[in-house]
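The following exercises are to be worked with the sequence and coordinates at hand. Each task is followed by a solution in steps.

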Amino acid sequence: MENNQMEGFKKLLLSNQAWVQEKLDLRADFFLRMKDHQEPEYLWIGCSDSRVPAEDITGTEPGELFVHRNIANLVIHTDLNLMSVLQYAVDHLKVKHVIVCGHYGCGGVNAALSRKSFGLINKWLRNIKDVYRNYSRELESLTDPDHRFRRLVELNVMEQVRNLAETSIVQKAWQQEGRPWLHGWVYDLHTGRLKDLTLIHPGDLPDDIYQYESFEN
Ligand code: CO
């Protein structure tokens, strides 16, 4: 049994061979036509959850999505990893759209809704508790715990889209190039469908206090 568990990973390498063949059968130059550089139009910020594979659910191919995933698809201004991805995607790849995609049934959101301590990850999930606090009146008016959970998933996505709009990275690109559009979507694990929740157009900052006057840094 233990040996079987260890061997399981080989399936992935075998599947890769089959995938290569499938692509070559469709187009002999599938891999050759991959340029030396990438020109994706979209930056995808999604949850790390294994049930939400960005390319599969959007029918996109290699080269189309620039992807960042973390627990509960959070956009935190002190997260050097995400901010580096955002800056590279917006400044250098010049993506037209940034998509934050959450999902119903998100374990991170569910954990944040509870009073349980999960160790280090408490510090990450605390950001979702802040979203709860901002919308506590609306959330606590929902008596069905499942409705409350689903609504917090949606509100969390919308807050992260606002967090994107509040970065100098996005504001600079808005001012200088009139892009990117910021989208908030939610994925339903049980139907496979994406729901469009929110869209912020270039220049449409929700709150003035976050507007930078200049972008030296
Ligand atoms: Co999740």
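**Exercise 1. The surroundings of helix α9**

The buried residues of α9 are covered by elements that include α4, α8, β4 and β5. The model is a predicted one.

Task: Determine which residues of α9 are buried, and describe the backbone just after α9.

Solution.
Step 1. Apply the cut-off for burial, which is under 20% relative accessible area. The residues of α9 that meet this criterion are I169, V170, Q171, A173 and W174.
Step 2. Follow the chain past the end of the helix. G178, just after α9, adopts a positive phi of about 65°.
Step 3. Continue to the loop between α9 and β4 (181-187), where P180 is located. The peptide bond that leads from R179 to P180 is cis, its omega being near 0°. As a general background, most peptide bonds are trans.

**Exercise 2. The sheet**

Task: State the order of the strands in the sheet, and explain why one side of β2 and of β5 is left without a neighbour.

Solution.
Step 1. Trace the pairing from strand to strand. The order is β2-β1-β3-β4-β5, an open sheet of five strands with mixed pairing.
Step 2. Examine the ends of this order. β2 (65-70) and β5 (194-200) are at the edges, and each has a single partner strand, so one side of each lacks a neighbour in the sheet.
Step 3. Consider the twist, which averages 20° from one strand to the next.
Step 4. Inspect one pair in detail. β1 (residues 42-47) pairs with β3 (residues 97-103) in the parallel sense, over five bridges. Within this pair, W44 is opposite I99 in β3.
Step 5. Add the helix that packs here: α4 (residues 80-92) lies across β1 and β2, and runs at about 165° to β2.

**Exercise 3. The cobalt ion**

Task: Identify the protein donors of the cobalt ion and establish where C47 and H103 lie in the chain.

Solution.
Step 1. Search for N, O and S atoms within 2.8 Å of the metal. The search gives SG of C47, NE2 of H103 and SG of C106 as the protein donors, at 2.1 to 2.3 Å from the ion.
Step 2. Write the spacing of the donors along the chain, which is C-x55-H-x2-C.
Step 3. Assign the pair to its strands. C47 belongs to strand β1 and H103 to strand β3; with their positions 56 residues apart, the pair links distant parts of the chain.
Step 4. Evaluate accessibility. C47 has a relative accessible area of 6% and is therefore buried. H103, with a relative accessible area of 1%, is likewise buried.

**Exercise 4. The nonpolar cores**

Task: Which residues have the most contacts inside the largest nonpolar core, and which element gives the most to this core?

Solution.
Step 1. Take the largest nonpolar core, which has 25 residues; L43, I45, L86, L164 and L182 have the most contacts inside it.
Step 2. Sort its members by element. At least two residues each come from β1, α4, β3, α8 (145-165) and α9 (168-177). The greatest contribution is that of α4, with six residues.
Step 3. List the contacts of L86. Leaving aside residues up to four places away in sequence, L86 touches L43, L164, T167, I169 and V170.
Step 4. Locate the other core, which lies apart from the largest one and has 19 residues, including I76, V109, F149 and V153.
Step 5. Relate V153 to N110: their C-alpha atoms are 8.7 Å apart, while 43 residues separate them in sequence. N110 is in helix α5 (residues 107-113), and is partly exposed at a relative accessible area of 40%.

**Exercise 5. Positive phi outside glycine**

Task: Are N73 and K94 buried or partly exposed?

Solution.
Step 1. Recall that most residues other than glycine have a negative phi.
Step 2. Consider N73, in the loop between β2 and α4. Its phi is near 45°, a positive value, and N73 counts as buried at 2% relative accessibility.
Step 3. Consider K94, in the loop between α4 and β3. Phi of K94 is positive, at about 60°, and K94 counts as partly exposed at 40% relative accessibility.

Notes:
Residues numbered from 1 in each chain as written. Predicted model: local features only at pLDDT ≥ 70, side-chain atom pairs only at ≥ 80, totals over all residues. Heavy atoms only, no water. Pairing = 2+ DSSP bridges. Helix = DSSP H or I, 4+ residues; strand = E, 2+ residues; numbered from the N terminus. Axes fitted to C-alpha atoms, helices over the stretch in contact; angles between N-to-C directions. Contact = heavy atoms within 4.5 Å. Buried < 20%, exposed > 50% of the residue type's maximum accessible area, 1.4 Å probe, protein only. Donors = N, O, S within 2.8 Å, 3.2 Å for Na, K, Ca; no water. Core = buried A, V, L, I, M, F, W, Y, C linked by side-chain atoms within 4.5 Å.
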